[in-house]
Amino acid sequence: MAASPGPAGVGGAGAVQGSGPSGFAFDSGLEIKTRSVEQTLLPLVSQITTLINHKDNTKKSDKTLQAIQRVGQAVNLAVGRFVKVGEAIANENWDLKEEINIACIEAKQAGETIAALTDVSSLNHPESDGQITIFTDKTGVIKAARLLLSSVTKVLLLADRVVIKQIITSRNKVLATMERLEKVNSFQEFVQIFSQFGNEMVEFAHLTGDRQNDLKDEKKKAKMAAARAVLEKCTMMLLTASKTCLRHPHCESAHKNKGGVFDRMKVALDKVIEIVTDSKPNGETDNSSISIFAGIKEFKMNIETLRENLYFQSKENLSAMLEVILERTEDFTDSAYTSHEHRERILELSTQARRELQQLISVWIQAQSKKTKSIAEELELSILKISHSLNELKKELHSTATQLVADLLRYHADHVVLKALKLTGVEGNLEGLAEYACKLSEQKEQLVETCRLLRHVCGTEPLEITCIHAEETFQVTGQQIISAAETLTLHPSSKIAKENLDVFCEAWESQISDMSTLLREINDVFEGRRGEKYGYLSLPKPMKNNANLKSLKPDKADSEEQAKIAKLGLKLGLLTSDANCEIEKWGDQESEIIRCGRNMARVAYSLYLFTRGEGPLKTSQDLIHQLEVFADEGLQLASSVQAFSKQLKDDDKLMLLLEINKLIPLCHQLQTITKTPLQNQVFLKVDKCITKTRSMMAILVQLLSLCYKLLKKLQMENNRWVSVTNKDSVDAYHPEH
């Protein structure tokens with residue numbers, strides 16, 4: 001792909017379908033569409049290069065001439081498509097219109113020139129004498145190819161600016177709506193604003209997801225993944241935390257809990273903008289890796305240069321580099337969680353490394369004055385010795401950190417402290433809360449320190465960033481669980497406070513689960529198993545299904561398919577939140593409509609978790625069973641709404657029946673899809689199921705809102721009728737004289 005400002009990758013033009021931010025039309029993101037056009041253009045230009053190098057004395061058969069012409073025509077057609085996209089971008093972005101149009105004109109001219117010069121199908125015929133072609137004007141083809149690449153690059157660079165502008169605009173919209181959500185005081189107003197916020201977050205997720213896929217810098221890609229993971233999880237937290245505040249407006253812990261969510265989301269939004277604009281706040285510079293493994297790698301590279309050049313390095317520089325590395329090992333030796341055996345071994349290896357560096361420096365000084373074979377061999381031996389010592393130190397540090405993580409994961413697998421906090425909350429036990437909050441704080445500190453140790457041994461910068469993300473998540477979520485538990489303990493009968501605590505506990509459990517994946521990736525890098533690539537933790541994990549899916553391995557999963565499932569899952573999660581908001585309006589009223597709505601929302605949420613590789617659904621059979629339940633509940637809902645509609649007037653009844661007529665076919669279609677054999681089309685089937693489920697949830701939200709309004713209207717009419725009837729009865733007993 002063509003270069004763009006900074007290593008962030010290139011955005012690009014998109015096909016003009018649908019409507020995007022700032023009036024800009026896009027389908028599934030500029031970058032995906034541009035990538036497809038660009039991938040068509042560049043191989044063809046490569047073929048033109050081959051044609052330019054075509055030997056003049058080679059026999060020009062009809063087959064060769066036809067092939068040359070086809071390439072030229074294909075380039076021209078691809079350029080035509082590219083130019084249309086570029087012109088569409090120009091028309092929607094007046095500040096860049098002139099620059100884009102000029103580049104498009106140049107690209108079009110280049111494409112037409114290439115097509116004309118490769119129009120050689122009739123070259124073997126007498127009437128073609130005197131025709132200017134690729135064989136008579138190679139310079140013209142070279143110039144056209146260069147102009148084409150130059151103009152395409154210009155358009156891509158300008159389109160990249162459009163993509164960045166889109167993301168910034170989308171971020172600003174999200175921030176503005178968040179400010180309104182922070183200040184909202186009524187539940188009704190909150191529902192309306194949160195619905196808008198959900199739509200804006202989906203748009204932002206699409207734009208940043210496309211950008212993440214196009215990033216070339218793995219470090220930036222990991223940072224983007226971490227920021228997007230925070231935003232996705234916090235969207236759900238924001239809903240329950242805000243509802244809890246509205247239900248308990250004078251509860252200090254509820255406000256603290258909600259404030260924590262908003263603060264973390266704002267930081268994540270700023271981080272996304274830093275990545276896409278390649279900027280740092282207040283002129284900060286991006287610090288290089290501070291991990292011990294990165295330091296050892298750099299140190300070894302420096303000492304190995306001594307084989308080629310004895311004067312390239314300074315002795316002071318190497319000594320300082322080793323001291324920095326050994327100083328960082330104090331994170332391990334000073335840790336209360338490092339065993340005595342590991343601590344002693346790390347100290348021993350550190351002393352050995354210092355001693356061997358002194359020996360190396362001594363031999364190095366001799367080698368600078370004596371150019372003998374024996375001194376050269378002694379220098380080589382000294383380099384090998386210190387390299388071996390540092391490798392042993394790496395092994396010991398890796399063993400210490402990974403063993404500690406594995407032990408922690410086993411110890412906290414049953415989440416005893418979280419369960420105890422939930423129990424003390426519903427019991428209103430303040431003493432129990434204090435005890436288990438203290439235990440969770442200890443657990444949090446242990447996990448945070450473990451993440452810091454793990455960061456030293458992860459071996460790659462993207463994994464370092466994932467360690468930092470895990471550390472921050474434990475730090476923040478631990479405090480939020482305690483504030484949510486305090487709110488529930490003060491209001492033990494509050495359903496929304498209980499739901500809020502559950503959401504934060506799920507986030508904690510999810511991060512514990514992610515630590516297992518992180519540990520596996522770190523071990524793979526350390527042991528040299530680089531072939532198996534795991535997705536970033538913010539993306540949906542490959543689905544863990546039954547025997548039908550044994551052939552589906554994580555490293556075989558298509559990243560675009562996973563990204564698509566992730567987007568569908570996010571929309572489903574937000575629709576679930578919308579449905580819960582509508583259900584909340586009904587208060588304590590119980591009806592068959594509400595029962596079906598609750599069940600559908602519950603299943604939809606479990607499907608959302610499934611798209612992230614989390615939650616109770618573990619196998620394909622679990623998924624299919626839940627989809628069958630969802631379809632059945634949808635049909636029961638339709639039946640209940642139909643029964644309710646019989647109480648309404650014709651106009652109102654018609655509104656409900658229109659929605660029911662949309663829902664029933666979708667239920668039947670979902671049932672059909674679940675009964676279709678897999679035949680190795682796992683992602684296709686999941687895609688179809690989630691799409692149908694999402695459509696049904698959208699109708700559910702409409703039906704719940706509509707039924708609530710019509711029920712209120714019906715109750716008002718009934719009350720008015722009762723009032724009038726009572727008045728008539730009174731008049732009958734007290735006739736006028």
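Student: Which residue just after H18 takes a positive phi?

Tutor: Happy to start there, noting that this is a predicted model in which local features need pLDDT of at least 70, side-chain atom pairs count only at pLDDT 80 or more, and totals for chains, interfaces and linings use all residues. Residues are numbered from 1 along each chain as its sequence is written, and side-chain values use heavy atoms, leaving out hydrogens and water. Helices (DSSP runs of H or I, at least four residues) and strands (E, at least two) are numbered from the N terminus. With a phi of about 75°, the residue just after H18 is Gly 613.

Student: How far apart are the end C-alpha atoms of helix H18?

Tutor: The expected span is 1.5 Å times one less than the number of residues. Helix H18 (residues 592-611) has 20 residues, so it should span 28 Å, and this agrees with the end C-alpha distance of 29 Å.

Student: Is Lys 444 in helix H14 buried or exposed?

Tutor: Good one! Buried means under 20% relative accessible area, exposed over 50%, and partly exposed in between (1.4 Å probe, protein chains only). Lys 444 lies in H14 (residues 430-456). Because its relative accessibility is 4%, Lys 444 counts as buried.

Student: Why does Cys 467 have no bond to the closest cysteine sulfur?

Tutor: A disulfide is a pair of cysteine sulfur atoms within 2.5 Å, and a search of the whole structure finds zero. The closest cysteine sulfur to that of Cys 467 is in Cys 458, too far for a bond because the separation is 4.3 Å.
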